[in-house]
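Follow the paragraphs below with the sequence and the structure side by side. They deal with burial, strand pairing and salt bridges.

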Amino acid sequence: MNEGFTLLAPVMRRLFVCILVALAATLVACGSDDDGRSLSLEDAVGQMLLIGFQGERLDEETASLLDDIAPGGVILFDYDLPSGGAKPRNITSPEQLRALIAELQAQADIAYFVAIDVEGGLINRLKPVYGFSIDLASHQVLGAGAAAATGAAASASAEELHELGINWNLAPVVDVNVFPESPAIGALERSFSDDPDVVAAHARAFAEAHAAAGVISSLKHFPGHGSAVGDTHLGVTDVTASFVREDELAPYRRLIEDGYDDAVMTAHIVNRDLDPTGRPATLSTAIVTGLLREELGFKGVILSDDMQMGAIVEEYSLERTAVEAVKAGVDVILIANQLSDDTTEVYRVKQAILDAVADGEISEDRIYESVDRILELKRRYGLLD
């Protein structure tokens with residue numbers, strides 16, 4: 001009896017180990033907290049939203065909004081555009097901002113992206129007048145110097161962002177300065193250079209400095225806004241005749257080939273050479289999936305520009321744009337609530353995406369593809385265990 005048991009023991013042990021391995025594999029397949037498939041469809045769609053709100057602290061109204069939407073993240077501003085500055089927005093001092101971000105993250109079931117625009121120059125939400133030390137020069141000024149100097153300046157800026165609790169900077173701008181008077185880019189000194197090699201070198205230094213500080217970066221505005229004679233904040237902007245394909249795509253191509261995989265923000269520009277249908281890039285499968293994902297090989301998170309901008313809402317309803325953007329391949333829908341203070345729009349966007357899934361217009365697999373990318377980016381930057 002004992003001898004038989006002794007002979008059987010190794011077999012039983014191997015069987016027991018196999019059972020444990022199979023059980024572990026099953027648990028992994030079922031999903032952990034950072035596995036997109038473990039989220040309900042409603043929460044998964046929530047992760048695809050990056051939203052803005054009014055208020056220097058987390059009041060009851062905003063807490064209720066965030067609880068209902070369960071967004072993947074928030075975007076913060078220093079100036080409240082809907083009220084012309086009459087109402088407070090989100091940023092008045094370093095101490096206030098740290099407190100606000102702590103309140104936000106304390107209420108989040110899954111840690112939020114906390115996003116901001118700190119490009120430098122005119123585009124800087126953390127101004128010295130509020131007590132912040134960030135005083136980054138414009139991309140144009142930085143681009144006139146050495147890329148190493150851009151990296152050093154961006155490193156100091158990113159370290160302050162990280163210390164404040166901000167984990168996503170919607171920069172650098174990699175638009176090539178094809179038309180220096182472009183109202184949204186060149187005229188505001190937001191381009192590093194008219195030379196794609198210079199743009200790529202400075203953007204790489206900027207992004208690497210942010211990654212080293214634990215802050216996500218974003219290349220923008222894909223596929224290129226530097227030749228635009230119009231401003232997509234105000235209306236439809238067609239770059240078909242002015243777009244210089246090889247030059248304007250070059251910074252994206254080079255950085256992606258070098259392994260960049262944080263985030264890319266789409267532009268709302270129209271380019272009929274890239275998409276003959278004339279859809280804005282954000283809503284174009286040919287541009288977002290065909291060009292960025294498949295041709296350039298980008299594997300990171302694709303973020304839309306603000307979906308409330310004139311270039312979009314002049315032609316489409318907000319709900320339809322969100323659905324079309326997801327169908328095109330966008331992972332995160334930005335609703336900044338700076339061009340509208342109607343917070344019900346966020347609810348309508350989320351419901352429109354859920355309805356599109358229910359109607360079979362968007363597959364559940366498509367949703368979870370985006371959420372897996374989103375959670376992977378959060379995990380890589382320490383927002384998830």
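A residue is called buried when its relative accessible area is under 20%, exposed when it is over 50%, and partly exposed in between. The model discussed here is predicted. With a relative accessibility of 8%, D117 counts as buried. The same term applies to K220, whose relative accessibility is 2%.

These two residues are a convenient place to start. The side chains of K220 and D117 form a salt bridge, with an N to O distance of 3.2 Å. Because K220 belongs to strand β7 and D117 to the loop between β3 (113–116) and β4 (118–120), the pair ties together parts that are 103 residues apart in sequence. Neither residue is confined to this pair: a network of salt bridges links D117, E119, R125, R190 and K220.

From K220 the path leads into the strands. Strand β7 (residues 219–222) pairs with β8 in the parallel sense, over three bridges. Within this pairing, L219 stands opposite V264 of β8. On its pairing with strand β9 (residues 301–303), β8 again runs in the parallel sense over three bridges, and there M265 has L303 as its bridge partner.

How are the two faces of β8 placed? In a regular strand, side chains alternate between the two faces of the sheet. In strand β8 (residues 263–266), A263 and M265 lie on one side and V264 and T266 on the other; these four residues are buried, and both faces are covered. The connection onward from this strand passes through a helix: β8, helix α9 (residues 285–295) and β9 make up a right-handed β-α-β unit.

The loop between β8 and α9 brings in another salt bridge. Side chains of opposite charge can pair when their charged atoms come close. E324 and R279 meet in this way, at 3.0 Å from N to O. The pair links distant parts of the chain, since E324 is in helix α11 (residues 318–328) and R279 in the loop between β8 and α9, 45 residues apart. E324 is buried, at 9% relative accessible area, while R279 is partly exposed, at 26%.

A local case can be set beside these. R379 forms a salt bridge with E376, their closest N and O atoms being 2.6 Å apart. Both residues lie in helix α13 (residues 364–380), three residues apart, which is about one turn of the helix. R379 is partly exposed, with a relative accessible area of 30%, and E376 is partly exposed as well, at 33%. In total, the structure holds 28 salt bridges.

Key
Residues are numbered from 1 along each chain as its sequence is written. This is a predicted model: local features need pLDDT of at least 70, side-chain atom pairs count only at pLDDT 80 or more; totals for chains, interfaces and linings use all residues. Side-chain values use heavy atoms; hydrogens and water are left out. Buried means under 20% relative accessible area, exposed over 50%, partly exposed in between (1.4 Å probe, protein chains only). Two strands pair if DSSP finds at least two bridges between them. A crossover is right-handed if, with the strands pointing away from the viewer, the path from the first strand over the helix to the second runs clockwise. A salt bridge is a side-chain nitrogen of Lys or Arg within 4 Å of a carboxyl oxygen of Asp or Glu.
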